[in-house]
Amino acid sequence: MKNIERLVEKLAADAVVVRPAPHPFALGLKWMGAAAAYLAVLLALTGLRPDLMEKFGEPWFAAEIALLLGIFVAATLSAALLAFPDLHQKRGAAWKPAAMMALFIAVIFFAWNADDPPSPLPSHTFECTLSIVLVALLPAIWTLHAMRGYASTHYRTAGSIVLLAAFSVGALWLRLHEVNNSVFHMIQWHYLPMLAAGLIGLWVGRLVLKW
């Protein structure tokens, strides 16, 4: 009996206190706060486009920015839910980025139709994609690193959503910084690469998050 009591005491003394996992929405808000601070620093360093307030008077531009923000928020919260095996019983919220992307594609389509005659193309091409990717790298890395501390069983989807959220940060930064009114250019070098990033995320998620 004494041996059992000693064993119990030893096990109790050796027990490691396990901190409960945060609620996914708290986790998502933490990631959003970090990304918002990162975006604010970038814009402070690079500057806002001088015609920004005038552009916000254009409905399609305002809708584009609002939906980019919506994609970022929905994708970040979705990533936090996807970090947990059971999605915290909020499967519907986890798939909200798909609805946001559908709305965004519709807005860009209408903006493209409204850009008549078409705005002049800028002199650069792939430089925009490269800039967005470089900006997106940091939020993608820190989010994927944080997700490794949990137990995602939807690692492909999680990787795709993380890259979509990170790319939306880069796209927001460039849209608020660069003086560029060509919708065709943005489709080609800003937003088609965003869809490609989501597809690449399927592979990245399997590589980084599978356990």
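## Exercises on salt bridges, voids and a cis bond

In this predicted model, a search of the whole structure finds three salt bridges.

**Exercise 1.** Determine which side chains pair in the salt bridges, and decide for each partner whether it is buried or partly exposed.

*Solution.* Start from the general point that side chains of opposite charge can pair when their charged atoms come close. The side chain of aspartate 51 meets that of arginine 49 in a salt bridge, with 2.6 Å from N to O. To classify the two partners, recall that buried means under 20% relative accessible area. Aspartate 51 has a relative accessible area of 18% and is therefore buried, and arginine 49, at 2%, is buried as well.

Next, take lysine 55, which forms a salt bridge with glutamate 58, their closest N and O atoms being 2.8 Å apart. Lysine 55 has a relative accessibility of 7%, so it counts as buried, whereas glutamate 58, at 33%, counts as partly exposed.

Finally, glutamate 64 and arginine 175 meet through their side chains in a salt bridge of 2.6 Å, N to O. This pair links distant parts of the chain, since glutamate 64 belongs to helix H4 and arginine 175 to helix H8, 111 residues apart. Both glutamate 64 and arginine 175 are buried.

**Exercise 2.** Describe the largest pocket by its volume, its lining residues and the elements that supply them.

*Solution.* The volume of the largest pocket is about 170 Å³. Its lining consists of 13 residues, of which Lys55, Glu58, Trp60, Ala111 and Val183 are the closest to the centre. Lys55 and Glu58 are thus found here again, having appeared above as the partners of a salt bridge. Two or more lining residues come from each of H4, helix H6 (96–114) and helix H9 (183–209), and H4 gives the most, with three residues. Sorted by character, the lining holds six nonpolar, two polar and five charged residues.

**Exercise 3.** Carry out the corresponding description for the largest cavity, and state how its lining divides into nonpolar, polar and charged residues.

*Solution.* The count comes to one cavity of 30 Å³ or more, and the largest cavity holds about 110 Å³ of space. Among its 13 lining residues, those closest to the centre are Thr76, Pro139, Thr143, Ala165 and Ala166. The elements giving two or more residues to this lining are helix H2 (24–46), helix H4 (59–82), helix H7 (127–147) and helix H8 (155–177). When the lining of the largest cavity is divided by character, 11 residues are nonpolar, two are polar and none is charged.

**Exercise 4.** Locate tryptophan 112, classify its accessibility, and list its contacts beyond four places in sequence.

*Solution.* Tryptophan 112 is found in helix H6. With a relative accessibility of 41%, tryptophan 112 counts as partly exposed. Once the neighbours within four places in sequence are left aside, the residues in contact with tryptophan 112 are Val183, Phe184 and Ile187; Val183 is also one of the residues closest to the centre of the largest pocket. As a further distance, the C-alpha atoms of tryptophan 112 and alanine 63 are separated by 13 Å, although these residues lie 49 residues apart along the chain.

**Exercise 5.** Identify the peptide bond that joins aspartate 116 and proline 117 as cis or trans, and place proline 117 in the chain.

*Solution.* As background, most peptide bonds are trans. For the bond between aspartate 116 and proline 117, omega is about 0°, and the bond is cis. Proline 117 lies in the loop between H6 and H7.

How values were computed. Residues are numbered from 1 along each chain as its sequence is written. This is a predicted model: local features need pLDDT of at least 70, side-chain atom pairs count only at pLDDT 80 or more; totals for chains, interfaces and linings use all residues. Side-chain values use heavy atoms; hydrogens and water are left out. On a 1 Å grid over the protein atoms alone, a cavity is a set of points where a 1.4 Å probe fits but cannot get out, and a pocket is an open set with protein on both sides within 12 Å along at least five of seven lines; lining residues have an atom within 4 Å of a point. Grid points are joined across faces, edges and corners, and a volume is the space filled by probe spheres set on the points. Ala, Val, Leu, Ile, Met, Phe, Trp, Tyr, Cys and Pro count as nonpolar, Asp, Glu, Lys and Arg as charged, and the others, Gly among them, as polar. Buried means under 20% relative accessible area, exposed over 50%, partly exposed in between (1.4 Å probe, protein chains only). Contact means heavy atoms within 4.5 Å. A salt bridge is a side-chain nitrogen of Lys or Arg within 4 Å of a carboxyl oxygen of Asp or Glu.
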